[in-house]
Amino acid sequence: MEESERLVGWIKGAKPGPMFLCVGGLHGNEAAGVRAMEDVVEQLQPRTSRMRGDFVALRGNVRALRQGRRFLKYDLNRAWAPAGATESLPAPGAATDEDAEVHELLAILEEVRRRARGHLYLLDLHTTSGGGGAFTTVGDSLDNRAFASAIPVPLVLGLEELVEGTLVGRMSEEGWTTAVFECGQHYEPEASGRAEAAIWILIREAGLLQAADVPEADRGRETLAGEYKTLPRFLEMRYRHPVIRGDEYRTRPGLLNFQAVIEGEVLGEDRAGAIKAPQTGRILMPLYQEQGEDGFFLVRDFSRIWLTISKALRRLGVARIVHWLPGVSRDPSLPGALVANRRVARWFALELFHLLGYRRHLEDQHRLVVVQRRRRFG
Ligand SMILES: [Zn+2]
């Protein structure tokens, strides 16, 4: 396939193996990932004889990248759910802006799927408007978690529950192993170096090259581990502050990713007044740009012991009998979904479902509906 404004490169290994797709610039003001992919493609080319599978690098929102804007008409990383929603797009010839981007990406994703010679992996590269630590996020299945964990930076669990329609969410649903890497602040010179390190690490992790053929992976691991050794390795998402157009939200200046905040602390303001932290934790992705629907997120350290317990519970297949619990039943209208009666099941509800690999689908006063993060546990 020819390189183009969309395709940074398609490196085909001599031997069959995994398909590793890397996307950068899904937000057009986030070019660090694109630069990293360009470098990796160039350096990977001479190693194809020793390489298994394929490495494909794509620019996400080409039209927005041209203008250095997050998006033109709508956020391209909120356009992918629920599956089927993309079918309501205008026809390819008539589509403009992000509609056209979605069409073009769907076509190339289909091509990638068709030509894959092994398991499918997706790494989606982003940067944040605020400074501070880099981090990974995943749709929480065991294989996604293992894949992202290879990058030694904090891993944030549960973000996809608060952000609908991401590309990785959609591809996870389709059975791909996925990870998101937020590699730093948009204009920070180190961001593309971190992204490059992460790509090499995952090329090694996915098994495209043997360790000896990708020394960049070990070097990258060392650099990133050194840079983030004072931060917790796993965190869970606790809260999202939504920004509604016209509410004139502004984040207090100077807040950094993972900075500790206490309940009641003023984090920003809008037309209605001060915005305070609803709970103690660490702030993540404070918004310092015009475009964006998330004012900030709050995360909390998630101890390794819970990760081990959740893994054990899933391996034991406890998820298959969870509907035996009082107040929990299968949802007849939604395959794989469970309904919890909140009055009966309130003491365990969401926390237990999280451990078992379910995510919140919808919630009201009386019931909580959860669905499996993946149709099949990896
Ligand atoms: Zn982004």
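**Exercise 1. Find how β15 and β16 pair, then build up the sheet around them.**

Step 1. In this predicted model, β15 and β16 pair in the antiparallel sense, over three bridges. Look for Val 328, which stands opposite Ala 340 in β16.

Step 2. Now follow the hairpin that β15 and β16 make: six residues lie between the strands, and Gly 336 takes a positive phi near 85°.

Step 3. Move on to the next pairing. Strand β16 (residues 337-341) meets strand β18 (residues 367-372) over five bridges, again in the antiparallel sense. Two facing pairs help you find the register: Leu 338 stands opposite Val 370 in β18, and Ala 337 stands opposite Val 371 in β18.

Step 4. Put the strands in order. They belong to an open sheet of four strands, β15-β16-β18-β17, with antiparallel pairing. β15 (328-330) and β17 (358-363) each have a single partner strand, so one side of each is left without a neighbour in the sheet. On average, neighbouring strands here are turned by 30° against each other, direction ignored.

**Exercise 2. Trace the sheet of eleven strands and find what packs on it.**

Step 1. Read off the order of this open sheet: β1-β3-β2-β4-β7-β5-β6-β8-β14-β13-β10, with mixed pairing. At its edges stand β1 (7-12) and β10 (260-261); each has a single partner strand, so one side of each lacks a neighbour in the sheet.

Step 2. Add the helix. Helix α1 (residues 32-44) packs on the sheet, where it touches β1, β2, β3, β4 (120-128) and β7 (177-185). The direction of α1 makes about 35° with that of β1.

Step 3. Zoom in on one pair of strands. Strand β2 (residues 15-24) and strand β3 (residues 52-59) run parallel and are joined by seven bridges. Within this pair, Cys 22 stands opposite Ala 57 in β3.

Step 4. Check how covered β2 is: seven of its ten residues are buried, making the strand mostly covered.

**Exercise 3. Work out which face of helix α8 is buried.**

Step 1. Start with the helix itself. Helix α8 (residues 215-227) has 13 residues and spans 19 Å from its first C-alpha to its last, close to the 18 Å expected at 1.5 Å a residue.

Step 2. Pick out the buried residues of α8: Ala 217, Gly 220 and Leu 224. Seen down the axis of α8, its buried residues fall within an arc of 65°, so they line one face of the helix.

Step 3. Recall a general rule: an α-helix has 3.6 residues a turn, so residues three or four places apart point the same way.

Step 4. Look at both sides. The buried residues of α8 pack against α7 (190-206), while the face turned away from them carries the exposed residues Pro 215, Glu 222 and Gly 226.

**Exercise 4. Decide whether Ala 100 is buried, partly exposed or exposed.**

Step 1. Locate the residue: Ala 100 sits in helix α3 (residues 97-115).

Step 2. Count its neighbours. A residue is buried if 20 or more other C-beta atoms lie within 10 Å, and exposed if 12 or fewer do. Ala 100 has 19 within 10 Å, so it is partly exposed.

Step 3. Try a distance too: the C-alpha atoms of Ala 100 and Pro 154 are 34 Å apart, with their positions 54 residues apart along the chain.

**Exercise 5. Divide the chain into domains.**

Step 1. Mark the bounds: domain 1 (7-227), domain 2 (234-301) and domain 3 (317-372).

Step 2. Compare positions: the centres of domain 1 and domain 3, taken over C-alpha atoms, are separated by 31 Å.

Definitions and conventions. Residues are numbered from 1 along each chain as its sequence is written. This is a predicted model: local features need pLDDT of at least 70, side-chain atom pairs count only at pLDDT 80 or more; totals for chains, interfaces and linings use all residues. Two strands pair if DSSP finds at least two bridges between them. Two residues are in contact if their C-beta atoms, placed from the backbone, lie within 7 Å. Axes are lines fitted to C-alpha atoms, for helices over the stretch in contact, and angles run from 0 to 180 degrees between N-to-C directions. The expected span of a helix is 1.5 Å times one less than its number of residues. The arc is that of the directions from the helix axis to the C-beta atoms. Domain bounds come from an automatic or database domain assignment.
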